[in-house]
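The following exercises are to be worked with the sequence and the model side by side. Each task is followed by a solution in steps.

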Amino acid sequence: GARETFESYYRKQRRKQARLVLQPPSNMHETLDGYRKYFNQIVGFFVVEDHILHTTQGLVNRAYIDELWEMALSKTIAALRTHSSYCSDPSLVLDLKNLIVLFADTLQGYGFPVNQLFDMLLEIQDQYSETLLKKWSGVFRNILDSDNYSPIPVTNEEVYKKIVGQFPFQDAELEKQPFPKKFPFSEFVPKVYNQIKEFIYACLKFSEDLHLSSTEVDDMIRKSTNLLLTRTLSNCLQNVIKRRNVGLTELVQIIINTTHLEKSCKFLEEFITNITNVLPETVHTTKLYGTTTFKDARHAAEEEIYTNLNQKIDQFLQLADYDWMALEPGSKASDYLLDLIGFLRSTFAVFTHLPGDVDVHSTMSGKVAQTACMSACKHLSTSLMQLLLEAEVRQLTLGALQQFNLDVEECER
């Protein structure tokens, strides 16, 4: 006979219980089970309330349930925002996303509005993307560190087909050559290319079941891939180029590799298009900026070659030991200079391996080799001039000048 008292008592108690259920355990983010338990409690609570709404007369009403759900939704979203931000493992973030989708779809089935949960999933998606970028940064570093920076040798048709299957490369000239032969690029080209594709698949996994349009999915994948190229891969390449002990042959190989990766960007565009079915011509599609990443890396490698060469020239010049008071010149150019020219000759032989035709003057290699040669000659002539005009050199004999002249003539030759 105390119906009203009971109704208000029931609602008050259930509100308290709801608050308890909505309190997440402090270590919830550590395992998927933590999240699962939390969601199950909330679903359980609201399934019970929904059942009571439909089987009793007036004990609870729609307005009371809606108000409880409003509170629950804001508390759940706040808890998920906090806890998911601690997570650094992309596969756990992906599993969490799948749980949230199940949670939302289940409650939607009971008539509860869940749009806010899907909105929050888009925030978690940005974070998932960040965890992927971190993971792939390590992947790229390992690939670049373990590369031998020399062209891939192929001994038979099977190996040839395998590599062409991993990386879009066609060269009629190379196909005609008999085995054994070599691809122009080193191992890191097909490996990096495949890892970019793996990353794209990983991005796609998150967008499944989010009720997104194909253009939204396409846009998301392209944006993340752009970050992967312009930030993650770009940093890894720059680090390799700026390494203290990087040699000339490695730098030349990096120039070749980045040229091939740059050409492969259009295939990555096609790859994304095939997955999302959104044509790149569509108004909204983001372009891939991969090409700039590889161009920048190539320019950095070229700069490093010029710097590197000039440093080597300086090392030879430190051995220059002119006797400025010599009465007679020697019979030939100075030893240090002959050694330096020998070094430069073998160095420029390396450039004949640059991509392009057999002819060294082919555009790509020709340009780098010519610029390197120009910059080396300029540096050498300036340095020789400085030797001659040093403040310590107070007097010069004709014999010393003639010896110096022999050296300059050797350089010209």
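**Exercise 1: A serine in a helix**

S234 has its place in helix α9, residues 214-241; helices (H or I, at least four residues) and strands (E, at least two) are DSSP runs, numbered from the N terminus. This is a predicted model, in which local features need pLDDT of at least 70 and side-chain atom pairs count only at pLDDT 80 or more, while totals for chains, interfaces and linings use all residues. Residues are numbered from 1 along each chain as its sequence is written, and side-chain values use heavy atoms, with hydrogens and water left out.

Task: Determine whether S234 is buried or exposed, and which residues S234 touches.

Solution.
Step 1. The classes are set by relative accessible area: buried means under 20%, exposed over 50%, and partly exposed in between (1.4 Å probe, protein chains only).
Step 2. The relative accessible area of S234 is 12%, so S234 is buried.
Step 3. Contact means heavy atoms within 4.5 Å. Not counting residues up to four places away in sequence, S234 touches L229 and T293.

**Exercise 2: The sides of two helices**

Task: State which residues of α1 are buried, and where the exposed residues T5, K12, K16 and L20 are carried.

Solution.
Step 1. Helix α1 covers residues 3-21, 19 residues in total, and reaches 27 Å from its first C-alpha to its last, close to the 27 Å expected at 1.5 Å a residue. The expected span is 1.5 Å times one less than the number of residues.
Step 2. The buried residues of α1 are E7, Y10, R14, A18 and V21. They lie on the same side of α1 because they cover an arc of only 70 degrees around the axis, where the arc is that of the directions from the helix axis to the C-beta atoms.
Step 3. The buried residues of α1 pack against α2 (32-55) and α3 (62-84).
Step 4. T5, K12, K16 and L20 are exposed, on the face of α1 turned away from its buried side.

Task: Carry out the corresponding analysis for the buried residues of α12.

Solution.
Step 1. The 16 residues of α12 should span 22 Å at 1.5 Å a residue, and the end C-alpha atoms of α12 are 23 Å apart, which agrees.
Step 2. Y336, L337, L340, I341, F343, L344, T347 and V350 are buried in α12. Their arc around the axis is only 160 degrees, which puts them on the same side of α12.

**Exercise 3: The second largest pocket**

Task: Describe the second largest pocket: how many residues line it, and which helix gives the most to its lining?

Solution.
Step 1. On a 1 Å grid over the protein atoms alone, a cavity is a set of points where a 1.4 Å probe fits but cannot get out, and a pocket is an open set with protein on both sides within 12 Å along at least five of seven lines; lining residues have an atom within 4 Å of a point.
Step 2. The second largest pocket holds about 460 Å³ of space. Grid points are joined across faces, edges and corners, and a volume is the space filled by probe spheres set on the points.
Step 3. The lining consists of 16 residues, of which I341, L344, C377, L380 and C411 lie nearest the centre of the pocket.
Step 4. At least two lining residues come from each of α12 (335-350), α13 (363-388) and α14 (398-412), and α13 gives the most, with 7 residues.
Step 5. By class, the lining has 12 nonpolar, 1 polar and 3 charged residues. Ala, Val, Leu, Ile, Met, Phe, Trp, Tyr, Cys and Pro count as nonpolar, Asp, Glu, Lys and Arg as charged, and the others, Gly among them, as polar.

**Exercise 4: Backbone in the loops**

Task: State where Y149, N277 and P180 lie, and describe the backbone at each.

Solution.
Step 1. Most residues other than glycine have a negative phi, and most peptide bonds are trans.
Step 2. Y149 lies in the loop between α5 (115-145) and β1 (153-154). Although Y149 is not a glycine, its phi is positive, about 50 degrees. At 6% relative accessibility, Y149 is buried.
Step 3. N277, in the loop between α10 (248-276) and α11 (290-317), is not a glycine either and has a positive phi of about 60 degrees. N277 is exposed, with a relative accessible area of 68%.
Step 4. P180 is in the loop between α7 (172-176) and β2 (181-182). The peptide bond from F179 to P180 is cis, with omega near -10 degrees.
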